Amino acid sequence: GELAGRYRGVLPFTLTAAQEKVIREIDGDLAGHVPMERLLQGDVGSGKTVVALYALLRAVEHGCQGALMAPTETLAAQHFVTIERLCETLGVRCFLLTSSLPARDRRAARLELAGGRPAVAVGTHALIQEGVELPGLAVAVVDEQHRFGVEQRTLLGGPQGSAPHRLHMTATPIPRTLALTVYGDLAVSEIDRSPAGRKPVITRWITHERSSEAY
């Protein structure tokens, strides 16, 4: 818990009660004998990435690797900017791996990750391409998980085909009853309260007639 404790100390804000609740649920999963399979729901800006990084750092402090896979290069780059800054402060190695990286940078990142040393990897489908090795992978986070196929999500696996702990994230609100039906093999967590100071979300129902006027 030493690294996780320092992580809380470098955050420029205090975690919300909802985030703390999800972290407790994740810690419970990580302490179990069965790999975690948890779906984390939360509106855009609710703080899912902060919780995801906590899970990734738990892998690092146990001498393992963590990986976050996003469906687009833009989203992967956004996550990397946030995560890399905090990891640098904590002395944790962090790598970005996307197909648009210069070949030299991509090759260097692959070599570093293949060594199995504790690190956090952020990337797109490039993380599951042939030739990419994460021999120490213990925690895998999949953002916007509905945009990946089942086989793609399982390709982000641990050493010798072992299953890492997996945290699936989505900003799409899914009622708990539907989530249990569609994702029966996943435990469901929700960040239902946004951090203080966040602008309120305005939701409107627009009919076909109204929408044609708006445009």
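**Tour: from L101 into the sheet**

Select L101 first: this residue is buried, at a relative accessible area of 19% (buried means under 20% relative accessible area, exposed over 50%, partly exposed in between, with a 1.4 Å probe and protein chains only). The model is predicted, so local features need pLDDT of at least 70 and side-chain atom pairs count only at pLDDT 80 or more, while totals for chains, interfaces and linings use all residues. Numbering starts from 1 along each chain as its sequence is written, and side-chain values use heavy atoms, leaving out hydrogens and water.

Now look at the backbone around L101. The residue sits in the loop between strand 3 (94–97) and helix 5 (103–114). Helices (H or I, at least four residues) and strands (E, at least two) are DSSP runs numbered from the N terminus.

Show contacts next. Beyond its neighbours within four places in sequence, L101 touches L96 and R106 (contact: heavy atoms within 4.5 Å). Add E73: its C-alpha lies 10.0 Å from that of L101, with the two positions 28 residues apart in sequence numbering.

Move to helix 5. It lies across strand 2 (65–69), strand 3 and strand 4 (119–123), at about 130° to strand 3. Axes are lines fitted to C-alpha atoms, for helices over the stretch in contact; angles run from 0 to 180 degrees between N-to-C directions.

Zoom out to the sheet. It is open, with seven strands in the order 3-4-2-5-6-1-7 and parallel pairing. Strand 3 and strand 7 (187–191) are the edges, each pairing on one side only. Pairing takes at least two DSSP bridges between two strands.

Finish at strand 1 (residues 37–42). Five bridges join it to strand 7, in parallel. Select R38: A187 in strand 7 stands opposite.
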